[in-house]
Structure formats: C-alpha cells, structure tokens
Amino acid sequence: MSARTLPLLFLNLGGEMLYILDQRLRAQSIPGEKARKDEWTDVDRKRVMNDIISTMFNRKFMEELFKPQELYSKKALRTVYDRLAHASIMRLNQASMDKLYDLMTMAFKYQVLLCPRPRDILLVTFNHLDAIKDFIYESPGILNQVDETFRQLIETYNCLSDGEFQLIRQTLLIFFQDMHIRVSIFLKDKVQNSNGRFALPISGPVPWGTEVPGLIRIFNHKGVEVKRTEFTTAGNYVAPQREGSFELYGDRVLKLGTNMYSVSRPVETHVAGSAKNLASRAKENTVPNPLAKEELNFLARLLGGLDIQKPAAGETGFRLNLFTTDEEEEHAAQTRPEDLSYKVINIEATQEPGQRAELSRILGELEVAEPRPGSVEKGEDLLALMDGL
C-alpha cells in the first residue's frame, strides 16, 4: 500500500463530485428574474460551487491530507464527502448522496483502469483541477487556493519514480475492487457490463515512451540487432504525439478526468446483483475498521480541518435531487441494500472512553448549515446526512 495515495483519491473523487453537482444545478436552475423564492438560480449554483471548492481546498485541510498516511475505509472517506456536499446552502437526502457517491467512485475507477501508465494518474488529477479552476475563475481568492494545491501536487509527485506510481495505482485498484455499480452512461457507451464490471478496450494509444506492438527485435550477446520479426496484433494501436504537461499550466493531452457531463444527459446508477451480497466479501463497508483508533483519529483530523459556516440570518437550504423525480429518489432510498448504507459511522465499543469523547468533541464542533426556523417551504424535507454523528 502506498502512503501517497490519499491526496490523489480525494482530489479526483472531489472533482467528479463537482462535475455532477454543477450539471444537476444547471439542469434545475431557473433564470433569476423568473425564479420563485424556493427555486434554484444561477447565482445559487455559483455560490454552492464556490463554497464547496473553498472548503475542499482549505489550507489546513490540505495540510492534513498531504501527510503520508495509509488509506482508510470507504466509510471514513464517504463521511468527508457528506460534509463537503453540505458545506453550502445545498441539501441532499440519503438516496441522492448515495447516488452522487456511486457516480464519483465509478467514474474515477474507470479512469484509473484506463490510464496508459501509472504516472498518468497525475495527469487525470490535473485535468480535474483544471476544470475546478474554470468553475471559480471569477473568485481569485479561491483560485489561489486551488493553485496552491496544484503546486503541492507538483512538488510531491513529480519526483516520484515509475515504481512508486505503480504502487499508487495498485492501492487505488484495491480500494475500488469490490465496487461494481452500474452507471447508465457507461452501459450506453458499452464500456460497462450488466454486472457492473468494466470492459476495457484492446485498441487505442499506447503509453508515452513505448512503441506500437507488432515488432520483435532479436539481439546477439554484443547487443547488436540481428533479426526482426513482425506479428499481427488483435487491436489497432497508435503512438501518442506528445507527453502531457505535468506543470501548473499546459496541455495534458490525456482526456481522462475531464468533465463527461458537459453534454447534458441523464445518469442513473444501479447496484449490480453481486454488490447486493458484499457483506461476506467486503466487510469493510459494513463493519468498523479493525484499526478503529487510527481511522477515527484520521477522520477527526480531516473533518477538523473543514471550515463550514452557517448561512446568514434568514437564509434557507436548497434541496438538490439527483434523480429525475422525487418518487424515484424515494424509491431508491427504500430499495437501497442495507449493507451499502453509509448513514451511520460505527465505533467499536472496545475503544477507550477518552478516545470516543475526543472524537465526539471534534465532530460536535463542526457546524453544518441547516435551514432556519420558518423556512418550511424550502427546508421541510431537506435532510442533512450527518444525523448519525
């Protein structure tokens, strides 16, 4: 396991979350002059994106994130994204948050699988950050936060060897290995099978620095080439024209990690049949991590770095539905397999009382913006996902 994987996992999943939220907010927003008091406007969308990105790239938060550390359970990371998604006036209920997290994880899993070489995971991260900068180009202060993280990524990862990137890739694949959620975009594009597993192409560009398959060279003991043999390959391969830029600005060349929701189309998720019985194969999702002390400390440090503020007086929370209708959202909440619910964080009873008290104190200091009294028309069914804390 690589101790340098967490920042890449968090930033890429966060980038996918922002893509999805931006697409859904645009789809549900109403022109300002026509909008009722309880409807989204483009001003609301920009504010939500600014608030979430500002929280996500908080300096203290990034300092904790970039410390070398092992990955922890999906539950711990999921809790951080719950907190991020509610860092503004937006509210998601349990079913919509589940769907959001499914889309995030499956998109990044596919990108990791498709990376021509392990080092290209860094280019995927840069693509996400480039797109995030486009979301907040009118906010120089937040833009500086993202650029600072960009520089930290370059300083931390550009010097790593290919072997270290291979270890990072393997760590990411282990994290995703039991996640097989079917996504409509992937199913329609025939890159995902009905069981939720991806179908990887056998054609396309080869990794930078390698040659197109089809030729075998034979050398003698002096290193002189003495024979060439050609063979036919099953795929159609092409050599890349140039390597993507690993600098703050530049052409990344690689398109993995760019916004696939820029062209609006409905996206549905379905739990594959094999995923409904994950309890025996992936208990990490449903029971506390055996290293509960370390995981809780990790979670407390990360959440402790999130600076989340309440709305100003008189403001209310807006509900965002990631389903086509409220009925679909309610049905998804009722049919969601219980072993895939992330609402409650389980803490081992064997933990020392002092450790539990410390975590409760830190989590209790985190304030999630909630609709003010009197805002029933906007907030009556806007469920905060941190009720379990």
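These are my notebook entries on helix packing, salt bridges and one buried residue in a predicted model.

**Entry 1: α1 against α5**

I began with helix α1 (residues 6-28) and helix α5 (residues 94-114). Their axes come within 9 Å and cross at roughly 125 degrees. I therefore entered α1 and α5 as oblique to each other. The crossing of α1 past α5 is right-handed.

I then listed the residues in contact. On the α1 side they are L8, L9, N12, L13, E16, M17, I20 and L21. On the α5 side they are L100, L103, M104, T105, A107, F108 and Q111. By type, the residues of this contact split into 11 nonpolar, 3 polar and 1 charged.

**Entry 2: α1 against α8**

Next I looked up the packing of α1 with α8. The two axes lie 10 Å apart, at an angle of about 60 degrees. That angle makes α1 oblique to α8. I noted this crossing, too, as right-handed.

From α1, the residues L8, L9 and L13 take part. They meet I168, L172, F175 and F176 of α8. I counted 7 nonpolar residues in the contact of α1 with α8, with no polar and no charged ones.

L8, L9 and L13 of α1 are also in my list for α5, so I marked these three residues as meeting both α5 and α8.

**Entry 3: salt bridges**

How many salt bridges does a search of the whole structure find? The search gives 19. I wrote up three pairs.

The pair K46 and D42 has its closest N and O atoms 3.9 Å apart. Both residues belong to helix α2 (residues 42-56), and they are 4 residues apart, which puts about one helical turn between them. K46 is partly exposed at 35% relative accessibility. D42 is also partly exposed, with a relative accessible area of 31%.

For R119 and D162 I noted a salt bridge between the side chains, at 3.2 Å from N to O. Which parts does this pair tie together? R119 sits in the loop between α5 and α6 (120-135), while D162 is in helix α8 (residues 162-176), so the pair links parts that are 43 residues apart in sequence. Is R119 buried or exposed? R119 is buried, its relative accessible area being 14%. D162, in contrast, is exposed at 52%.

E211 and R217 also form a salt bridge through their side chains, at 3.2 Å from N to O. E211 counts as exposed, with 55% relative accessibility. R217 counts as partly exposed, with 33%.

I also followed salt bridges with shared partners. They join D22, R26, D42, R45, K46 and E138 into one network. K46 and D42, the pair I had entered at 3.9 Å, are both members of that network.

**Entry 4: N50**

Last, I looked up N50, which is placed in helix α2. The relative accessible area of N50 is 19%; the cut-off for buried is under 20%, so N50 counts as buried. Which residues does N50 touch, leaving out those up to four places away in sequence? I found F135, I136, S139 and I142.

**Recap**

I have α1 oblique to α5 and oblique to α8. Of the salt-bridge residues I looked up, R119 is buried, whereas D162 and E211 are exposed. N50 in α2 is buried as well.

Technical notes:
Residues are numbered from 1 along each chain as its sequence is written. This is a predicted model: local features need pLDDT of at least 70, side-chain atom pairs count only at pLDDT 80 or more; totals for chains, interfaces and linings use all residues. Side-chain values use heavy atoms; hydrogens and water are left out. Axes are lines fitted to C-alpha atoms, for helices over the stretch in contact, and angles run from 0 to 180 degrees between N-to-C directions. Helices (H or I, at least four residues) and strands (E, at least two) are DSSP runs, numbered from the N terminus. Angles under 35 degrees count as roughly parallel, over 145 as roughly antiparallel, 65 to 115 as roughly perpendicular and the rest as oblique. A crossing is left-handed if the near helix is turned anticlockwise from the far one by less than a right angle, and right-handed if clockwise. Contact means heavy atoms within 4.5 Å. Ala, Val, Leu, Ile, Met, Phe, Trp, Tyr, Cys and Pro count as nonpolar, Asp, Glu, Lys and Arg as charged, and the others, Gly among them, as polar. A salt bridge is a side-chain nitrogen of Lys or Arg within 4 Å of a carboxyl oxygen of Asp or Glu. Buried means under 20% relative accessible area, exposed over 50%, partly exposed in between (1.4 Å probe, protein chains only).
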